[in-house]
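Me: I'd like to learn how to read a fold from its coordinates. Can you walk me through one?

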Amino acid sequence: MQNIDWGSLPFGYYPTYYNVRCYYRNGAWGELEVSSETTINIHMGATCLHYGQEAFEGLKAHRGVDGKIRIFRLDENGKRLQSSCDGIVMPRFPLEKFEEAVIKCVKLNADFIPPFESGASLYLRPRIIGTGCRVGVKPADEYLFLVFATPVGPYFKGGFMANPYVITRKYDRSAPLGTGVYKVGGNYAASMRAHVEACHGGEYACEFYLDAKEKKFIDEAGAANFFGIKDNTYITPKSTSILPSITNKSLMQIAESLGMKVERRPIAEEELATLEEAGACGTAAVISPISRIDDPESGKSYTFGDGKPGPWSEKLYNKLRGIQTGSEPDEFGWNTLVEI
């Protein structure tokens, strides 16, 4: 294991040993390759550069309380990457090859998997990019799959604590029936201006978007899904422009196992006033409890609890983290154990 101050790691890039690559040429994916290069040599006319033909994933490997290495929901990330490929007309990366590549990347960089007690993890970033040259708007004929690893700390400074969020009405993250349901870079590029304008004063952790059609319903944050809790019910938005979060999907199953009801439906902004707890969820943050949501244009502000994570949010977070790290039984079969 590397001599790193694991407890002080930010959510950022830290160099590791190797990444794993695979090329699509002549209508087929090739064999996996191991590389220590941190750069990619591609044609200046590659479709990823000017037509945004690229998709990516984010998942984590954890060193458990028992010392074993676990990758959380590896299969679901592979399936979601395939869905993104379908959405922007790229060849699907086979699930078995995806799992082999990610496991290989974890093994090659095992020295950088943080210890259990640190609260840090090994973040894995698989992606597929169009590398074939196209001047007209059409799919590339060549692609690159690549996965790299980096140890990371909490996404939000301070870790599991309640943060204020803000609603932005000025911008939309994605359109109904657009690319919002796919994990592609264009959605995140579209959120950057809104994030900078709304959050870089330091008061807010992230921005929330309303639905692009009516500006009435809560959609999602720039980098996370939304959930609310009231009357023993876990409620999360249903929309044609929201990324299907694997963390949110997991939390819904955990909520049901803990005796909660689960509803996936549109959430009007006014309903925020009736929620007992609220949170943002995703691979990076797991759960980011929300202390309040401000709507500057309407002058409204919605407060949840007493400024600390609510009891249900805490239960859900602890259960999910417990499954990821082996301190709770993996009753759903979500983890892939990696033998080092």
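**Reading the fold**

Reply: Sure. Start with burial: 52% of the 340 residues of the protein count as buried. Keep in mind that this is a predicted model.

Me: How many helices and strands are there in the protein?

Reply: You'll find 6 helices and 18 strands. To judge the packing, set the radius of gyration against the globule rule for the chain length: here it is 20 Å, close to the 20 Å that the rule gives for 340 residues, so the protein is as compact as a globular protein of that length. Along the principal axes, the C-alpha atoms fill a box of roughly 55 × 50 × 35 Å.

Me: And what share of the contacts join residues at least 24 apart in sequence?

Reply: Take contacts between residues at least 6 apart in sequence; 71% of those join residues at least 24 apart.

Me: What about the surface: how much area does the protein expose, and what do carbon and sulfur atoms supply?

Reply: About 15200 Å² is exposed, and carbon and sulfur atoms supply 50% of that. For charge, compare mean positions: those of the 38 positive and 42 negative charges lie 2 Å apart.

Me: Now a single helix. How far does α6 reach from its first C-alpha to its last?

Reply: For a helix, compare its reach with the span expected at 1.5 Å a residue. Helix α6, residues 311-325, has 15 residues and reaches 21 Å, close to the expected 21 Å. Helix α3 (residues 95-108) can be read that way too: 14 residues, a reach of 20 Å, and an expected value close to it at 20 Å.

Me: Is α6 mostly covered or mostly open?

Reply: Mostly covered, with 11 of its 15 residues buried. Among them are W312, L316, Y317, L320 and I323, along with K319 and R321. In α3, the buried residues are K97, F98, A101, V102, C105 and V106.

Me: What happens just after α6?

Reply: Check the backbone angles there: G326 takes a positive phi of about 85 degrees.

Me: Let's try a loop residue. Where does M260 lie?

Reply: M260 sits in the loop between α5 (246-257) and β14 (261-264).

Me: Why does M260 count as buried?

Reply: Because its relative accessible area is 5%, and buried means under 20%. To see what surrounds M260, skip its neighbours within four places in sequence: that leaves contacts with I229, N232, T233, Y234, A255 and W312. W312 is also one of the buried residues of α6. As for I229, it is 31 residues from M260 in sequence, while their C-alpha atoms are 9.6 Å apart in space.

Methods: Residues numbered from 1 in each chain as written. Predicted model: local features only at pLDDT ≥ 70, side-chain atom pairs only at ≥ 80, totals over all residues. Heavy atoms only, no water. Helix = DSSP H or I, 4+ residues; strand = E, 2+ residues; numbered from the N terminus. Expected span 1.5 Å × (residues − 1). Buried < 20%, exposed > 50% of the residue type's maximum accessible area, 1.4 Å probe, protein only. Contact = heavy atoms within 4.5 Å. Rg over C-alpha atoms; globule rule 2.2 N^0.38 Å. Areas by Shrake-Rupley, 256 points an atom, 1.4 Å probe, with all protein chains shown as cover. Lys, Arg positive; Asp, Glu negative; His and termini not counted. Charge placed at Lys NZ, Arg CZ, Asp CG, Glu CD.
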